[in-house]
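Student: Could you take me on a close look at one part of this protein, the empty space inside it? I would like to see what surrounds that space and how the surroundings fit into the rest of the fold.

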Amino acid sequence: MREREFREYAEACQARLRRAAYLLCGDWHQAQDLTQTTLMKLYAAWGRVRRDGNVDAYARTILTRTFIDQQRKGGWREESVGEIPELPVPATGTPELRLLMKEALMTLAPRYRAVLVLRYWEDWTVEETAHALQVTPGTVKSQSARGLARLRQAVENLSHETAGR
């Protein structure tokens with residue numbers, strides 16, 4: 001029963017986790033590795049997590065912490081192969097804008113990127129984000145503000161570079 005429940009959950013959430021992982025790391029191969037690591041760690045705690053409820057929040061917390069830990073350790077290369085995702089991401093805005101935003105997001109430090117992805121992509125509250133990242137709500141608020149300011153600056157800089165080409 002446990003195996004079946006976990007398999008059903010993993011199949012249902014894998015694409016969503018992989019898209020969030022891609023926003024964190026900017027590379028589909030690394031996103032797949034992050035997703036698999038997240039699912040392995042989730043499986044190890046499945047009995048407890050299932051009893052406690054909110055499995056999705058626990059999975060996203062594992063994903064984010066694993067990403068930040070890997071960045072600290074330098075476990076992944078910052079090299080993108082530009083592969084197209086297996087499942088399309090819902091279209092919002094023009095393709096050029098999405099590419100520009102992705103490129104700008106990748107210029108941010110991993111911690112800022114994690115805060116922005118959790119707060120604005122996953123739509124988490126300040127408290128949920130603080131718990132996932134093991135920081136105070138005040139830290140989430142300040143990193144959100146700084147991260148957004150840096151993201152805006154990166155978008156502006158990249159827009160000027162693109163216009164000059």
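Tutor: Here is a walk through the enclosed space, then the core, and then an open pocket. Please keep in mind that this is a predicted model.

Let's start with the idea behind the search. Rolling a probe the size of a water molecule over the atoms shows where empty space is left. When the whole structure is searched, one cavity of 30 Å³ or more turns up, and the volume of this largest cavity is about 30 Å³.

What lines the largest cavity? Its walls are made by A20, L24, R60, L63, T64, V117, L118 and E122. Try picking them out in the 3D view. Sorted by class, five of the lining residues are nonpolar, one is polar and two are charged. Three helices, α1 (2–25), α4 (55–73) and α6 (110–121), each contribute at least two residues to the lining. The largest share belongs to α4, with three residues. The lining also brings two parts of the chain together, as domain 1 (1–76) and domain 2 (92–164) each provide at least three of its residues.

Now pause at one of those lining residues, R60. This arginine sits in helix α4. Is R60 buried or exposed? Its relative accessible area is 15%, which is under the 20% cut-off, so R60 counts as buried. Leaving aside residues up to four places away in sequence, R60 touches L17, E122 and W124. E122 is therefore a residue to look at twice: R60 touches it, and E122 is also part of the cavity lining, with R60 itself being buried.

Another lining residue, L63, leads us to the nonpolar core. The largest nonpolar core holds 46 residues, and those with the most contacts inside it are Y9, L39, L42 and L63. Helices α1, α2 (28–44), α3 (46–52), α4, α5 (95–106), α6, α7 (126–133) and α8 (137–163) each supply at least two residues of this core. With eleven residues, α1 gives the most. As with the cavity lining, at least three residues of this core come from each of domain 1 and domain 2. To see one of its well-connected members, find Y9: not counting residues up to four places away in sequence, Y9 touches R16, L42, W46, V55, D56 and A59.

Finally, compare the cavity with an open space. The second largest pocket contains about 310 Å³. Of the 17 residues lining this pocket, N54, A57, Y58, T61 and H131 are the closest to its centre. Helices α3, α4 and α7 are the elements that give two or more residues to this lining, and α4 gives the most, with seven. By class, the pocket lining has six nonpolar, five polar and six charged residues. Where does the second largest pocket lie? Both domain 1 and domain 2 give residues to its lining, so the pocket lies between them.

N54 deserves a last look. You will find N54 in the loop between α3 and α4. N54 has a positive phi of about 40 degrees, although it is not a glycine. Its relative accessible area is 53%, so N54 counts as exposed.

Technical notes:
Residues are numbered from 1 along each chain as its sequence is written. This is a predicted model: local features need pLDDT of at least 70, side-chain atom pairs count only at pLDDT 80 or more; totals for chains, interfaces and linings use all residues. Side-chain values use heavy atoms; hydrogens and water are left out. On a 1 Å grid over the protein atoms alone, a cavity is a set of points where a 1.4 Å probe fits but cannot get out, and a pocket is an open set with protein on both sides within 12 Å along at least five of seven lines; lining residues have an atom within 4 Å of a point. Grid points are joined across faces, edges and corners, and a volume is the space filled by probe spheres set on the points. Helices (H or I, at least four residues) and strands (E, at least two) are DSSP runs, numbered from the N terminus. Ala, Val, Leu, Ile, Met, Phe, Trp, Tyr, Cys and Pro count as nonpolar, Asp, Glu, Lys and Arg as charged, and the others, Gly among them, as polar. Domain bounds come from an automatic or database domain assignment. Buried means under 20% relative accessible area, exposed over 50%, partly exposed in between (1.4 Å probe, protein chains only). Contact means heavy atoms within 4.5 Å. A nonpolar core is a set of buried Ala, Val, Leu, Ile, Met, Phe, Trp, Tyr and Cys residues joined through side-chain atoms within 4.5 Å.
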